[in-house]
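Biologist: Before we begin, could we look at the structure together and ask, term by term, what each description rests on?

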Amino acid sequence: MAIKYVPESFRIKVVEPLRILSREEREIKIREAKYNLFNLRSEDCYIDLLTDSGTNAMSTEQWAGIMRGDESYAGASSYFKLIDAVKDIFGYDYVQPVHQGRAAEKVLFPLLISKGKYAISNMFFDTTRAHVELAGGRCIDCVVKDAKNPSKRAPFKGNMDVGKMEKIISEKGKENIAIVVMTITNNSAGGQPVSMKNMREVSAVCNKYGIPLIIDAARYAENAYFVKRDEEEYKNRAIGDIVKEMFSYADMFTMSAKKDAIVNMGGIIGVKDGDSPIILKIKANCISYEGFYTYGGLSGRDMEALAIGLYEGLDEDYLKYRIGQMEYLASKLDDAGIAYQAPVGGHGVFIDARAMYPQIPYFEFPAQVLAVELYKEAGIRTCEIGSYMLGNDPDTGEQLQAEFEFTRLAIPRRVYTQAHLDFIVDALIAIKERAHEIKHGYRITWEPPILRHFQASLEPVQE
Ligand SMILES: *Cc1c(COP(=O)(O)O)cnc(C)c1O
């Protein structure tokens, strides 16, 4: 039975009209887009679940902040407002604004990683992986086994497999491990959370071997909500306290503020130790790539809205509604017998496309098939998180097989209503009924060398 929808912790003041194209028009649009949903125009999508990144609706306070933004080149008051917010929430001494998450990676990673070194993570997000590789490093994912079984309901499926991580460190030699990255929540594993216990254990191993621990912090608030909900000793702790403790275990963080900080653009690098020699290097890189270190590629108004959003993301009523949307959607999928990464994670529902299309091999991208079907069926735009996104082995050029073939329904924050969610479920049910009729997936006709899923062209594989 479907669970109850948690009512919104806000009301709507400004609306944005949507239109839905006819099925014939949608089939033309997706063909013209070379079956890559990133090539579609947003006006041709009825419900846009491509990403929860930067697609958030800002609050009245944030929009007021936009007017208050101080656009001075150096030392703007909006910069200091952001610094104060980050120090207060995360307890880190040095705060570097940047224009988005990958900019944080681009500025920081070359300072930590050199050619031939390894970076270990519970799971690397795609841009994070790309920046490790661009710095000459190699990525090793070390997520717990449960994450690889989408139908197994276990808490904290985003955790690091600490035993495996230690084994890799001793095999490769601790001097060859440049960094450990904890992605919270674990985006690529389906927005699955990381427990406080796991973070503590990873931190202890990093301390033992002297390896810097970095948090990939895009979903700091959603992760804290899961810790409170599912980790016994945190039941009565405030979300803010949980965040502060979580970050106390790491040395630095990179953050895409386009997720839990509920803004449309922004990113942050945080360094816990204000005396760390890396800070001067961060400033130098930032000045070269992003802009002077008191704005880092952001407008004053962006920093102002971000400073406010960092707090709004922590509001417990909001988080209950937000995670409630995922739980509501997931319970409807349970009723319909549609498999997804369970239990549902923080920022979206990750449909198990391998279960939907067992007849389609990984190299014909079953999750891309489902993404295209959702668009054709109902004008819903989603994103493949599977072998198509993973790409080719950087050494051999061969197509890699992903651990999962997910079609991600990413839910933008404070944007869609219960009726929208019901509409999405109806589309999935209709698609599932016809799933056995689809015999083949897609092949790539053109791809760039890195982060290919954003730009590649595809065509249907024929009999
Ligand atoms: C979105 C994201 C990034 C990259 O951030 P952008 O703002 O898109 O550049 C990095 N890591 C994780 C976990 C993310 O979700």
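Biologist: Is the crossing of H4 and H10 left-handed or right-handed?

Modeller: In this predicted model, the crossing of H4 and H10 is right-handed.

Biologist: Why are H4 and H10 called oblique to each other?

Modeller: H4 and helix H10, which covers residues 278-289, pack with their axes 9 Å apart and at an angle of about 135°. Angles over 145 degrees count as roughly antiparallel, and 65 to 115 as roughly perpendicular, with the rest counted as oblique. The angle of about 135° falls in neither of those ranges, and H4 and H10 are therefore oblique to each other.

Biologist: Which helices each supply at least two residues of the shell around the ligand?

Modeller: They are helix H4, residues 101-112, and helix H5, residues 126-134. H4 gives the most to this shell, with three residues. The ligand is surrounded by 15 residues, and the closest are Gln100, Arg102, Asp216, Ser256 and Lys259.

Biologist: What makes the pair formed by serine 256 and the ligand a polar contact?

Modeller: An N or O atom in the side chain of serine 256 is 2.7 Å from an oxygen atom of the ligand, and a polar contact is a pair of N or O atoms within 3.5 Å, so this pair qualifies. By that cut-off arginine 219 qualifies too, because an N or O atom of its side chain is 2.8 Å from a ligand oxygen. The protein buries 98% of the 380 Å² that the ligand exposes when taken alone.

Biologist: How many residues of each class does the shell around the ligand have?

Modeller: The shell has two nonpolar, seven polar and six charged residues.

Notes:
Residues numbered from 1 in each chain as written. Predicted model: local features only at pLDDT ≥ 70, side-chain atom pairs only at ≥ 80, totals over all residues. Heavy atoms only, no water. Near = heavy atom within 4 Å. Polar contact = N/O pair within 3.5 Å; in protein donor to acceptor, adjacent residues only side chain to side chain. Areas by Shrake-Rupley, 256 points an atom, 1.4 Å probe, with all protein chains shown as cover. Helix = DSSP H or I, 4+ residues; strand = E, 2+ residues; numbered from the N terminus. Nonpolar A, V, L, I, M, F, W, Y, C, P; charged D, E, K, R; others polar. Axes fitted to C-alpha atoms, helices over the stretch in contact; angles between N-to-C directions. Parallel < 35°, antiparallel > 145°, perpendicular 65-115°, else oblique. Left-handed = near helix turned anticlockwise from the far one by under 90°.
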